[in-house]
Amino acid sequence: PDPPPYRGRELPLTQLTQAGLHEIKPASYRDIPAALSFALAVLGQSLAKPAHRPALLLWCLTAHAAREWGRPYGAGLLALGLEPALLLIVEARTSSDAAWALEEGLKSGAAAACLGQIEIEAPLFARRLGLAAKAARTPCLLLSGHRSNGLPGTLTRWRVGAEKSHAAAFDQNAPGDPCWHLTLERCRGMTMRSWSVELSDEQDRFRLSAAASDRAAEAGEREDRAYAH
């Protein structure tokens with residue numbers, strides 16, 4: 001069954017752990033690394049739960065994506081909470097080959113979650129991935145192109161942009177926690193909403209900036225009143 005509609009005020013990242021297809025769309029071409037890091041951070045937190053250990057993550061990407069943005073890097077994966085030994089990485093020659101590998105991986109039921117770094121051009125591919133993810137009861141995050149108008153068959157669609165991080169507490173010249181600007185463009189029971197989010201290295205979890213929390217609370221109150229009527 002589909003997940004219940006979201007009506008809370010907090011950041012609804014739990015929607016991304018629901019079985020089905022979720023589109024992660026970069027806000028612009030230069031935001032592709034930010035969108036990828038966000039998807040990996042979400043998966044790192046999801047798969048770190050005791051119930052999911054040991055958990056296999058299937059990551060399918062194209063050779064073009066690997067040349068353009070680099071291949072998976074062990075130290076970077078560890079920083080986002082992912083154990084490199086538990087990743088099955090498939091680098092395919094074309095987008096259709098990568099989509100086929102992703103679909104077959106979903107059908108196998110061997111992965112706790114799947115990630116596709118693929119620009120899907122044919123809507124049929126997206127629908128098949130969505131059906132396969134639901135049948136396998138597996139979340140599948142698909143990093144689409146920044147020009148995507150929205151893929152069919154997705155439970156949620158997120159637009160992700162890089163955002164300047166705050167200075168580190170121990171050193172004002174050191175880089176702070178990773179930070180993203182998120183816009184939830186599609187989610188059952190929700191209207192479009194945006195947040196500024198950072199990943200806390202100390203607490204190993206996502207948190208909102210103070211301004212984003214205030215905006216989310218105000219929007220939540222308006223939404224609660226709408227449902228009450």
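In the predicted model, Arg71 forms a salt bridge with Glu91, and the closest N and O atoms of this pair are 2.9 Å apart. Arg71 is placed in the loop between helix H2 (63-69) and helix H3 (74-79), whereas Glu91 belongs to strand S3 (residues 87-92), so the contact ties together parts that are 20 residues apart in sequence. The two partners are assigned to separate classes of solvent accessibility, since Arg71, at 51% relative accessibility, counts as exposed, while Glu91, at 36% relative accessibility, counts as partly exposed. With the limit for the exposed class set at over 50% relative accessible area, the 51% of Arg71 is sufficient for that assignment.

The structure holds 7 salt bridges, and two of them involve Glu103, which is paired with Lys107 and also with Arg128. In the pair formed by Lys107 and Glu103, the closest N and O atoms are 3.3 Å apart; both residues lie in helix H4 (residues 95-108), where they are separated by 4 residues, or about one turn of the helix. Lys107 is exposed, with a relative accessible area of 51%, whereas Glu103 has a relative accessibility of 6% and therefore counts as buried, the limit for that class being under 20%.

In the salt bridge that Glu103 forms with Arg128, the closest N and O atoms are 3.1 Å apart. This pair links distant parts of the chain, given that Glu103 is in helix H4 and Arg128 is in helix H5 (residues 123-136), 25 residues apart. Arg128 is partly exposed, its relative accessible area being 35%. Elsewhere, salt bridges that share partners join Lys25, Arg157, Arg159 and Glu185 into one network. In general terms, pairing of this kind is possible because side chains of opposite charge can pair when their charged atoms come close.

Turning to the helices, H1 (residues 32-47) comprises 16 residues and reaches 23 Å from its first C-alpha to its last, which is close to the 22 Å expected at 1.5 Å a residue. Of the 16 residues of H1, 13 are buried, so this helix is largely enclosed by the rest of the structure.

Technical notes:
Residues numbered from 1 in each chain as written. Predicted model: local features only at pLDDT ≥ 70, side-chain atom pairs only at ≥ 80, totals over all residues. Heavy atoms only, no water. Helix = DSSP H or I, 4+ residues; strand = E, 2+ residues; numbered from the N terminus. Expected span 1.5 Å × (residues − 1). Buried < 20%, exposed > 50% of the residue type's maximum accessible area, 1.4 Å probe, protein only. Salt bridge = Lys/Arg side-chain N within 4 Å of Asp/Glu carboxyl O.
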